[in-house]
Amino acid sequence: AVVSTQSTGYLGQVTDGTLPVNHPIIYQLQDVFNLLPNLNIPQLMDAFTVKTNDQNLVMYTASIIRAVIALHSLINNKTSNCAAEKDGVKKVEVEKEDKEEKEKDTSKEDSNKKDVKST
């Protein structure tokens, strides 16, 4: 970008007459422009278009696959969280029942001990 602005500035000054013509620079610029490919060929333009479209299709497909995988992971996470929550509620209920049964058992044992002591 810097070289093109410098060469444009140089050529503008040469055409204005503020700088003298430096023939080796002009020859180098001619060589550069002659080595540039001709992009106005319809077959080449079609090939570039097809290649660009193929690259965009690959990127689009990869984005869709990534989104589907993320959604799948999200759904799996949600179902596992719901299952864990249900299991957690069941475990809490079972623990409460066990605790109540132990309290009943200990109260029965205490009453049995009192009966044994009183006799």
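Student: How much of the chain counts as buried, and what makes a residue buried?

Tutor: In this predicted model, 3% of the 119 residues count as buried. A residue earns that word when its relative accessible area is under 20%. The accessible surface of the chain comes to about 11,000 Å², and 61% of that belongs to carbon and sulfur atoms.

Student: Which elements does the chain hold, and in what order?

Tutor: You will find three helices and zero strands. Starting at the N terminus, the order is α-α-α.

Student: Where is confidence highest and where is it lowest?

Tutor: Helix α2, residues 23–35, has the highest mean, 91. Helix α3, residues 42–118, has the lowest, at 84. For the chain, the mean pLDDT is 85, and 88% of the residues reach 70 or more.

Student: Why is α1 called oblique to α2?

Tutor: Let's start with the value: helix α1, residues 2–16, packs against α2 at an angle of about 130°, with the axes 12 Å apart. Roughly perpendicular covers 65 to 115 degrees, and roughly antiparallel needs over 145. The angle of about 130° falls in neither class, so α1 is oblique to α2. The crossing of α1 past α2 is left-handed.

Student: Which residues make that contact?

Tutor: Ser-7, Tyr-10 and Leu-11 do so from α1, and Ile-25, Ile-26 and Leu-29 from α2.

Student: And Pro-20, why does that residue count as exposed?

Tutor: Good one to check! The cut-off for exposed is over 50% relative accessible area. Pro-20 has 63% relative accessibility, so Pro-20 counts as exposed. Its place is the loop between α1 and α2.

Student: What does Pro-20 touch, leaving out residues up to four places away in sequence?

Tutor: Pro-20 touches Tyr-10 and Val-14.

Student: How do you know that Pro-20 and Tyr-10 can be in contact when their C-alpha atoms are 9.9 Å apart?

Tutor: The 9.9 Å runs from C-alpha to C-alpha, between residues 10 apart in sequence. Contact is judged on heavy atoms within 4.5 Å, so Pro-20 touching Tyr-10 fits that rule.

Key:
Residues numbered from 1 in each chain as written. Predicted model: local features only at pLDDT ≥ 70, side-chain atom pairs only at ≥ 80, totals over all residues. Heavy atoms only, no water. Helix = DSSP H or I, 4+ residues; strand = E, 2+ residues; numbered from the N terminus. Buried < 20%, exposed > 50% of the residue type's maximum accessible area, 1.4 Å probe, protein only. Areas by Shrake-Rupley, 256 points an atom, 1.4 Å probe, with all protein chains shown as cover. pLDDT = per-residue confidence, 0-100. Axes fitted to C-alpha atoms, helices over the stretch in contact; angles between N-to-C directions. Parallel < 35°, antiparallel > 145°, perpendicular 65-115°, else oblique. Left-handed = near helix turned anticlockwise from the far one by under 90°.
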